[in-house]
Structure formats: structure tokens, C-alpha cells
Amino acid sequence: MSIETMAPPSTAVTPLEWMRRNLFSSIASSLTTGLIGGLLIWLAVNVGGWAIGEARWEVVGNNLRLFLVGQYPATEAWRLWLNLAVLSVMTGLSAAVFGSTTRTLAVSTSALQLLLALLIVPSPLGTLIPPTTSLVLGLLGNAAGVWAAFVAGRLLGPPRRWLMIGWLLTIPLTFVLVSGFGPLPEVRSTLWGGLLLTVLLAAVGIVLSFPLGVLLALGRRSGLPAVRVLSTAYIEIIRGVPLVTILFMADIMLPLLLPGEFRIDRVARAMGGITLFSAAYVAENVRGGLQAIPMGQYEAAHALGLGSLATNLFVVLPQALRSVIPANVGLFISLLKDTTLVTIVGLLELLGIGRAILAQPQSLGAHLEVYVFIAAAFFVLCYAMSQASYRLERTMGLGSR
Amino acid sequence: MNAERPAPDVPEAERGIIVARDVHKWFGSLHVLRGIDLTVQAGEVVVIFGASGSGKSTFIRTINRLEEHQQGEIFVDGIELTNDIRNIAAVRSEIGMVFQSFNLFPHLTALQNVTLAPVRVRRWSRDRAEQAAMELLIRVGIPEQAHKYPAQLSGGQQQRVAIARALAMQPKIMLFDEPTSALDPEMINEVLEVMRELAGTGITMLCVTHEMGFARAVANRMAFFDHGQIVEEGPPAQIFEAPEHERTKRFLAQILH
Ligand SMILES: Nc1ncnc2c1ncn2[C@@H]1O[C@H](COP(=O)(O)OP(=O)(O)OP(=O)(O)O)[C@@H](O)[C@H]1O
Ligand SMILES: [Mg+2]
């Protein structure tokens, strides 16, 4: 028999065989397995037992509205649902048109909403949450909306350009819906809170600090000394100051510096502070990516007649930004968690509202439940972001190796 | 300065598409180009050769201003290379360049590499640019690789994409800086073949290369660089059969064995 026709050796392994090889291959490994296994079981029994048995989840259920939207008036809540529905439809359409990365996004947003709905409906935890029907219907409707839009997108095939414009339009639309404009009654930002505020702060911070950071990174490498010095100074000063300080400055100093008629509200000030802070770190990440681009890329682009703007836009930045996706997502995950710091200027985002709820006499002794709930909410958001970034890396890495 | 100004005090007949006069260049205190005079007529193929470090790359790169010369003057198609950005842009749009290390854009497919400049600089529609790009890829013999990324192509294929990319801007002049010296031996010929075909179309070519077979067959003229100067210049027959200078003889003996 010739070599080429031989079948490869079988690599299939039974579960028992796998355990013997990987978990109990020696006395030491058996001991380690036993120890860690025991610890895990002990943890599961205790934490699980607490979560199902002792924990008084009604503190979460009774205050669910506060956790989700703060003091946003119930009569205007439909605007938030409408906003969510628009975002769900856009996500579904994008998944149909753009492919892989956005599809992950669509799957995870719809799965997340389904999961939340399921958590609310059945026992043992679900029955504890009273304001169910509208919430469950809203969540289920949204999850269905994602996939209805996906199917519609597949059938109609709208051009990519339209979707890009659509996404850009969602930004003003979100503000119109959330804060009110024209016929919609205004909902003052002092009433925004909970998850709504957390997500708004993080989203605005990410969307604005990214382009600002890219500009700063380019500025730091600019041939014009004034631009270079200013960018460098900005980056170094911001990186040398804690976010808390910047939030305080934005909150207290800004109104003092601006003339009296200009009143920027407190949420906008916090958004500004977070954006300015985050931009300096984005800039340093992007600078790392820019440094990794070989000189030959610039030379080839210049030789083709591309000016420096076109060279950056079409040759350098696409490569540099791709290589810094992991670092930037890490940064944005920190940003999401750092939004909790705005409590110190009196804003009640998720953590702040949690503390406010704990201050009520009815919530006495429910600290653990509230903090576990908040931690779980942050974990889900951060985990979704990091998963999306892995997907993004994989699809965008196609041409780079 | 007027972009259309012709090279002054040069008789009409001597005016070339590339005119370099007494070009000097220093890197720090290192005197790399020490008075280069070279005139290339439209349609000529000129091969530059010489020892490593003699300034061949530096000189060829001053012609499209990837390097700045510090003394002397360079005219390309009557446009003088100065610090005026408009002149530089005008000159670059007439010159295509092919590099030793290809320098393809790794995030773009072969086709996108070729269409980038026509779409972004010439403002062609995407359809028109893609049609022209496919014709060029057919010309360099790799239309079936159009939708692959550079990393998925062999060295010879990459260099042919790079040639197509440079040709996409419809340049009057092509600069080649050792286009085959990063290639495995079996791929050198496929690139030289494309260059040979190109030379037949009447485009002006300035090639730094040590492929003496190519030079003998295709070049109108050869220039030998030594320590930042052109020591000897002439048609291939003269350079190969009767070199005047001792250093030219020695160098040719080395590379021809
Ligand atoms: N950017 C630079 N900075 C400083 N010195 C440089 C730079 N580029 C080239 N040199 C020096 O200038 C001299 C000429 O370099 P050049 O690359 O023009 O030589 P070359 O004839 O093309 O050689 P090779 O055959 O090795 O490519 C060399 O001594 C080189 O070290
Ligand atoms: Mg060289």
C-alpha cells in the first residue's frame, strides 16, 4: 500500500478516555482536579442556593422601572420602546446586508431580549417581577422585529449606502425621542437614569471619542509643529488626570467659564467629560497602530498621486484601525464601566440608582441582591462587546495576513 | 512658479521627458548623490546599475519626489520639482513606480489595489475603473487573481499586480527599483516578461536592475552608478563590449562572473 492512500490515524476519543488523559493523568493532576472540582461544587451549591432560596429578588422586581430608566416618566416610556424598535430593525436590516459581524450583533441583541423576557415570565424568579406584560411583550416584539427586518432586508436588499445613512440618522432620532423635540414633550435629562443613562453615556462617549481620538493620533504625527504640540499636550495632560477630576471640572468649572446664558445640562457635561477623557486613550491606541504601518505603504500611495488626506483615509487608517480593534474594545469596555463614576456629580446611572434604591427603607438588607443584579447587567453588556469585537477582528482580518 | 515652464536654456532637441542636472543629496553628512546629470528622452528605456549603496534608489526616488534633492534641478515633462505641492502632484500623476518589496496594500484585493488611485485621484466611476483594472490584470497575465488579497498571491503575482496598479494611472513614465530582486528565481522571468512587453509600447522606463539579460535586450541606454555619480553611460552594446572605465569593467565582471 502506498503512503498517500493511508487513512489518518483516528483521533476520536471517548469522554471517559478524555477525562483520564486530561483530568486524572497522574496523582498530582487527580488531586488538583478533585480540589478545584470540590471548590466549584461548593460555590455552585452556596451561590445557587442563595440565588434561588434566600435571595429576595423582589427588590429588583419592584424597582425594575427605576433600574431600567430611572425617573423617566411612564407616560413617555413608549418613546424609548420606539427607539429600541428602530435600533432592532436597523440591526436586522444590517445583518441581512452587511453579513457576518452584524449578524452576530443581531443574534446577540435578539437573544438577549428573549433571555430577559424568559427570565421574567416563568418561575422561580420570574413571577417575582410584577410589571411584566408590557415589558415581556416589548422584549418579545423587539426580538421578533430584528428577524422580521432581517427577512425583509434579504428580500428587498436595500443598498448599503442607505443603511449607513440610516445609522447616522438614528443618532439625532435617539436624541429627539429620548429628550423630546417639537410635538414630543421634553423629558429633562435630570430624569434620565439607570440602564438608559448608562447606555447613553457609554454610547455617546464611544461614538464621539473614537473620531476625536483618531484625529488626535494623526495630529500627534503631523508635520505641522503647532498641531503636533497641541495634540501631544492634550493627550499627555488628559492621561495624567483621573476621570473623576475631569468630571468634577466639567460639572463645576464649565458653567463658571461659560457666559450665563449658556446652560449646558448636567448629563451633557458628563458626556463631554467622558468623551474628552476617552479620546486621549483612543489616540494612544491608534498611534500604536499607525506606527506599525511600514513606510512603503505611504510611499506607494504617494507615488500613485494620493495626497496625504487620501493616503490616510484609504491606505493607512483602514490598516491601523484594524490592528487596534482589540485594544480599543478593551478601552470601550472600561469606558462603559467608568460611566459609574458620574454618580459623584449627582447622576443616577445604573449603580447610582441602585444605591438610591438601597437607601429606601423597603430595601433594607437587600444589598447583595441589588449589587449582584447590577454586576450581572454590566457583565452581559461587556461580554457582548468583547464577543462582537472577536467577530469583528476575524472578519476584518481577512486581508491582513 | 509656473507649472508649465519648460527647462530653460536647453535646445529643443535636447529637452528630455526627464532632465536631471547636477543633482546632489545628503543624508545628514553622508553625500549620497554627488552631481547626477541624466536626460531621458520620451519612449527611452534606461537601465541604471551599480554597487549597493551607490545611490541608485535615492536617485530614482528623487524623480517622483519620494526623496527631496538639495541641489541641482530636476524637470519631468517640463515641470520642475520644487517644494510647490502642485508641481509634485502634477509630476506624480505622470509617473508610475514599482518597488523592490511590492508595497501592495494588504487590506485591498488585487483589483481594489489597481482601482484605488483612478477612483480617488482621477475620480473615475467605479465601473470604469474596474473595467480598466481588469484589462490591466489581463495584460500582466493574472485576471483570475483579481479578487485575492496580496497575502494570497506569490511574489511574482504580487509584483505584477503592483505593475498593473502603477499603470492604472496611465503614466507617461515608469520607474522600477530592482523589481525582481526580492523574487525567487523561478518568478523573475514572469515579471521581466511583463516589463519587456511594456517597453515595446513606447512608454518611458527608468529601471534600476541587475538583470543584464533584460538590459541587453530591452535598454536603449545604460548608466553605471558609483559612489553617487554616473561614471559611465551608453548603449548596452558599448557598455557590455567596450566599457571605458576600470570600475565599470570590474563591476560587470563581478555580476557576469
Ligand atoms: N533614509 C535614509 N537615511 C539615511 N541614509 C540613507 C537613507 N536612504 C539611503 N541611505 C544611504 O544612502 C546611500 C545610498 O542608498 P541607496 O539606497 O540609494 O543605494 P542603492 O544604490 O539603491 O543600493 P542597493 O543596491 O543596496 O539598493 C547608502 O549608503 C544608504 O545607507
Ligand atoms: Mg536600492
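Let me begin with ligand 1, where the largest share of the surrounding shell, three residues, comes from helix H1 of chain B. Please keep in mind throughout that this is a predicted model. Strand E2 (30-40) and helix H1 (56-63) of chain B each supply at least two residues of that shell, and the residues around ligand 1 include Phe27(B), Leu30(B), Val32(B), the run from Ala51(B) through Thr58(B), and Glu178(B).

Which atoms come within polar reach of the ligand? A backbone N or O atom of Gly53(B) lies 2.8 Å from an oxygen atom of ligand 1, while for Ser57(B) a polar side-chain atom lies 2.7 Å from an oxygen atom of the ligand. In the side chain of Glu178(B), an N or O atom is 3.2 Å from an oxygen atom of ligand 1. Taken on its own, ligand 1 has 640 Å² of accessible area, and the protein covers 58% of that.

Let me stay with Glu178(B) for a moment, which is found in the loop between strand E7 (173-177) and helix H6 of chain B. Is this residue buried or exposed? With a relative accessible area of 18%, Glu178(B) counts as buried, because the cut-off for that word is under 20%. Its backbone also deserves a look, since Glu178(B) has a positive phi of about 45° although it is not a glycine. Most residues other than glycine have a negative phi. A second case in this chain is Asp77(B), where phi is near 50°, again a positive value in a residue other than glycine. Asp77(B) is found in the loop between strand E4 (71-76) and strand E5 (79-80) of chain B, and with a relative accessible area of 32% it is partly exposed.

Now for two glycines of chain B, which I would like you to find on the screen. Gly35(B) is found in strand E2, the strand that I mentioned among the suppliers of the ligand shell. Gly35(B) is buried, with a relative accessible area of 19%, and, leaving aside residues up to four places away in sequence, it touches Asp22(B), Val23(B), His24(B) and Gly228(B). From the C-alpha atom of Gly35(B) to that of Ser57(B) the separation is 15 Å, and these two residues are 22 residues apart along the chain. Gly200(B), in turn, has its place in the loop between helix H6 (185-199) and strand E8 (204-208), and it counts as exposed because its relative accessibility is 67%, where the word requires over 50%. Its C-alpha atom and that of Val45(B) are separated by 9.6 Å, with these positions 155 residues apart along the chain.

One more residue of chain B is Asp226(B), which lies in strand E9 (residues 221-226) and is buried, with a relative accessible area of 9%. Its side chain is joined to that of His227(B) by a polar contact of 3.3 Å. Not counting residues up to four places away in sequence, Asp226(B) touches Ser54(B), Val231(B) and Arg247(B), and Ser54(B) is one of the residues around ligand 1.

Let me turn to chain A and begin with helix H13 (residues 295-303), which is mostly covered, as seven of its nine residues are buried. Among them are Tyr298(A), Glu299(A) and Ala300(A). What do these buried residues pack against? In chain A, they pack against helix H12 (266-291) and helix H14 (308-323), and in chain B against H1, helix H2 (85-92), strand E6 (95-98) and helix H5 (155-167). Just after H13(A), Gly305(A) takes a positive phi of about 95°.

My last element is helix H8 of chain A, residues 160-179, which lets us check a length by reasoning. At 1.5 Å a residue, its 20 residues should span 28 Å, and the end C-alpha atoms are 29 Å apart, which agrees. Where does this helix bend? H8(A) bends by about 30° at Ile171(A), and a proline, Pro172(A), follows within four residues. The buried residues of H8(A) include Leu163(A), Gly166(A), Thr170(A) and Thr174(A). An α-helix has 3.6 residues a turn, so residues three or four places apart point the same way. The buried residues of H8(A) pack against helix H5 (77-98) and helix H9 (194-220) of chain A, and just after H8(A), Gly180(A) takes a positive phi of about 90°.

Terms used:
Residues numbered from 1 in each chain as written. Chains lettered and ligands numbered in written order. Predicted model: local features only at pLDDT ≥ 70, side-chain atom pairs only at ≥ 80, totals over all residues. Heavy atoms only, no water. Expected span 1.5 Å × (residues − 1). Bend = angle between axes of the 7 residues up to and from the residue. Buried < 20%, exposed > 50% of the residue type's maximum accessible area, 1.4 Å probe, protein only. Contact = heavy atoms within 4.5 Å. Near = heavy atom within 4 Å. Polar contact = N/O pair within 3.5 Å; in protein donor to acceptor, adjacent residues only side chain to side chain. Areas by Shrake-Rupley, 256 points an atom, 1.4 Å probe, with all protein chains shown as cover.
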